[in-house]
Amino acid sequence: MTPARHLSAAAPPAVEGRTGGSGGSARPGRLGRARRWWRAHGGDVFWSVLFPQRCVGCGRFETSLCTDCRRSLVEVCPDHCPRCGRSGVGWSIPAWCPECVGLELGFSSARGAFLYEGVARDLVTSLKYEGQRALAPLMAELAVPAFRQALAERPGALVTWMPAHRTTTRQRGYNQAEVLARALCALTGATLVDPPVRKVRRTRHQRGLDREGRRRNLRGAFDPLPAVSTERAKEVLLVDDVYTTGATASEVAEVVKGATGLAVHVFTFCRTEGEARSGLQ
Ligand SMILES: [Zn+2]
Ligand SMILES: [Zn+2]
């Protein structure tokens, strides 16, 4: 992978994975763990002989995502909330939606490409919990129209990814937010930088916590890295796989802002809405 430029003049953070996020991580058995490890560490060719490629959505053979499942993805409505990205119900003027009005959010805006449901959920789960790192370029290709639009609204923004704890990354083999960010930048030529913050404490899953509980759970989990150079940029685009309540993105954005002085915008592959929000980070 092409090394990212660093916002920080200090040593870049170790690549870390994050805890929490989308649906629950079912504990895989020994075979599942072996398959996940093998996929995460580049054994796709060998593994594909034993386990032929199948559609993430419906299980059809010889494709990672069949045409029908690809068509079933639901894009976030273009008239989404300009602040939290909630899929629109017809706001005609720039205004905060009922879901985020009154909330303190560390980021300036958040935007997701797809609704977190059906095949989008399957893709995130497979990338995040099943070691299917090879899905990242496909997911980036799917999300790239929305990503290009986000870049057009933030010209010159530096792109980075949601940091996470090194233990999680070691267990997972990679940080799914990082591989997505790298694939999106490879497709668009956007400038990728290492996160100017690192996750220093593992956090319990956000499931079942109210908003204040989530804030407490995340407090002190992220630390800034010193000696930041902003390289004349004014904004940072923080890439992640899923946006749910925005609690984690908000916490990280606060630390990034404090470390760099840059406004933070969030871009995610998908976004929860309605009932899908319950129980997720
Ligand atoms: Zn399919
Ligand atoms: Zn909103």
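Which strands does α4 lie across, and at about what angle does α4 run to β7? I shall open with that, since it takes us directly to the sheet. Helix α4 lies across β2, β7 and β8, and its direction is at about 100° to that of β7. Please bear in mind throughout that this is a predicted model.

Let me give the overall inventory. The protein has 281 residues, of which 47% are buried. Its secondary structure consists of nine helices and eight strands. Among contacts with a separation of 6 or more, 78% join residues 24 or more positions apart.

I turn now to the sheet. Four strands make up an open sheet, ordered β2-β8-β7-β3, and the pairing is parallel. β2 and β3 are the edge strands; each has a single partner, so one side of each has no neighbour in the sheet. From one strand to the next, the twist averages 25°.

Consider the two edges in turn. At one of them, β2 runs parallel to β8, and six bridges join the two. Within that pairing, F114 has C270 of β8 as its bridge partner. Although β2 is an edge strand, seven of its seven residues are buried. At the other edge, β3 pairs with β7 in the parallel sense over four bridges. Here V159 stands opposite L237 in β7.

A second helix also packs on this sheet. α9 touches β2, β7 and β8, and its direction makes about 160° with that of β7.

Let us stay with V159, which belongs to strand β3. Is V159 buried or exposed? It counts as buried, because 24 C-beta neighbours fall inside 10 Å and the cut-off for burial is 20 or more. Leaving aside neighbours within four places in sequence, V159 is in contact with A181, C185, A190, T191, L192, L237 and V239. V159 and V266 are 107 residues apart in sequence, yet their C-alpha atoms are 9.6 Å apart in space.

Next, the helix pair α5 and α7. In general, two packed helices are described by the angle between their axes and the distance between the axes. For α5 and α7 the angle is about 65°, and the axes are 8 Å apart. The crossing of α5 past α7 is right-handed. On the α5 side, the contact is made by A136, P137, M139, A140, E141, A143, V144, F147, R148 and L151, and on the α7 side by V179, L180, A183, L184, L187 and T188. Which classes of residue make up this contact of α5 with α7? There are 13 nonpolar residues, one polar and two charged.

Two leucines from that list merit a separate word. L184 is placed in helix α7, and it counts as buried because it has 30 C-beta neighbours inside 10 Å. Not counting residues up to four places away in sequence, L184 touches A140, A143, V144, F147, A190 and V239. L184 and L142 are 42 residues apart along the chain, and their C-alpha atoms are separated by 9.8 Å. With the same exclusion of sequence neighbours, L180 touches A136, M139, A140, V239, D241 and F269.

These residues lead us to the core. As a general point, nonpolar side chains in soluble globular proteins tend to be buried together. In this model, the largest nonpolar core has 69 residues, and those with the most contacts inside it are M139, L180, L184, L238 and V239. Two or more residues are given to this core by each of β2, α4, α5, β3, α7, β7, α9 and β8. Which element supplies the largest share of the core? It is α5, with ten residues.

I shall finish outside the core, with a backbone detail. E62 lies in the loop between α2 and α3. Although E62 is not a glycine, it has a positive phi of about 70°. E62 counts as exposed, because only 9 C-beta neighbours lie inside 10 Å, against an upper limit of 12 for that class.

To recapitulate: the sheet runs β2-β8-β7-β3, α4 and α9 each touch or lie across β2, β7 and β8, and α5 gives the largest share of the largest nonpolar core. Thank you.

Notes:
Residues are numbered from 1 along each chain as its sequence is written. Chains are lettered from A and ligands numbered from 1 in the order in which they are written. This is a predicted model: local features need pLDDT of at least 70, side-chain atom pairs count only at pLDDT 80 or more; totals for chains, interfaces and linings use all residues. A nonpolar core is a set of buried Ala, Val, Leu, Ile, Met, Phe, Trp, Tyr and Cys residues joined through C-beta atoms within 7 Å. Two residues are in contact if their C-beta atoms, placed from the backbone, lie within 7 Å. Axes are lines fitted to C-alpha atoms, for helices over the stretch in contact, and angles run from 0 to 180 degrees between N-to-C directions. A crossing is left-handed if the near helix is turned anticlockwise from the far one by less than a right angle, and right-handed if clockwise. Ala, Val, Leu, Ile, Met, Phe, Trp, Tyr, Cys and Pro count as nonpolar, Asp, Glu, Lys and Arg as charged, and the others, Gly among them, as polar. Two strands pair if DSSP finds at least two bridges between them.
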